[in-house]
Amino acid sequence: MIFSRFASPLGEILLCARPEGLCQLTLAAEGQPDPEGAGRDDAALVGARDQLLAYLAGRRRSFSLPLAPRGSDFQREVWSALLRIPWGETRTYGELARRLGREGAARAIGTANGANPLPILIPCHRVVAAGGLGGYSGGVERKRLLLALEGSLPG
């Protein structure tokens with residue numbers, strides 16, 4: 001596994017990749033240790049860094065990067081559905097559950113959403129609670145900033 005760290009408008013980002021693709025993105029990574037057994041390779045991940053920074057600067061709306069998140073079949077099903085939420089739109093946890101044919105599974109959808117190892121790249125910030133923002137692994141203020149960047153901040 002390789003990794004890179006870089007400054008962003010959301011704080012330091014830690015990005016990790018395996019040969020098959022990106023596997024982890026950590027927001028606010030300041031002070032977190034480097035991934036055990038991984039080698040730092042900023043040059044190999046410069047394309048991913050540049051795409052993320054362009055998105056955060058409002059110059060990019062989608063990513064063309066190989067993604068390789070690890071999770072259960074259910075988690076990967078939810079993450080795949082997140083990739084289909086267009087830039088500038090949101091879905092509620094309940095809407096996402098219905099779209100996946102899992103009526104009443106909004107809480108499970110939220111748990112899978114929260115376990116997303118590639119926030120921003122797999123846009124879990126686009127899933128909101130029926131009555132507000134809901135949670136976000138990177139913190140609610142970062143979620144608010146991402147939704148405002150896309151012009152989809154509720155309320």
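In this predicted model, Asn116 makes a good starting point: beyond its neighbours within four places in sequence, Asn116 is in contact with Trp79, Leu82, Ile122 and Cys124. Asn116 sits in the loop between helix 4 (106-114) and strand 6. Its relative accessibility is 5%, and Asn116 therefore counts as buried, the cut-off being under 20%.

Strand 6 (residues 127-128) includes Val127. Because the relative accessibility of Val127 is 0%, this residue also counts as buried. Once neighbours within four places in sequence are set aside, Val127 is in contact with Leu82, Ile85, Arg91, Thr92, Tyr93, Leu96, Asn113, Leu133 and Lys143. From Val127 to Tyr93 there are 34 residues in sequence, while their C-alpha atoms are 6.2 Å apart in space.

Leu82 appears again in the largest nonpolar core, which has 34 residues; Leu22, Leu82 and Ile120 have the most contacts inside this core. At least two of its residues come from each of strand 2 (13-18), strand 3 (21-27), helix 1 (46-56), helix 2 (73-83), helix 3 (93-99) and helix 4. Another core, of 6 residues, lies apart from it and includes Leu14, Cys16, Ala29 and Ala38. In soluble globular proteins, nonpolar side chains tend to be buried together.

Ile120, leaving aside neighbours within four places in sequence, is in contact with Leu10, Leu27, Leu52, Tyr55, Leu56, Phe63, His125, Tyr136 and Leu146.

Turning to the record, an unreviewed UniProt entry annotates residues 4-69 as "domain: Methylguanine DNA methyltransferase ribonuclease-like". Over residues 4-69, the chain is 17% helix and 27% strand, with the end C-alpha atoms 17 Å apart.

Methods
Residues are numbered from 1 along each chain as its sequence is written. This is a predicted model: local features need pLDDT of at least 70, side-chain atom pairs count only at pLDDT 80 or more; totals for chains, interfaces and linings use all residues. Side-chain values use heavy atoms; hydrogens and water are left out. Helices (H or I, at least four residues) and strands (E, at least two) are DSSP runs, numbered from the N terminus. Buried means under 20% relative accessible area, exposed over 50%, partly exposed in between (1.4 Å probe, protein chains only). Contact means heavy atoms within 4.5 Å. UniProt positions are given in the numbering used here, feature names are shortened, and annotations may be inferred rather than shown by experiment. A nonpolar core is a set of buried Ala, Val, Leu, Ile, Met, Phe, Trp, Tyr and Cys residues joined through side-chain atoms within 4.5 Å.
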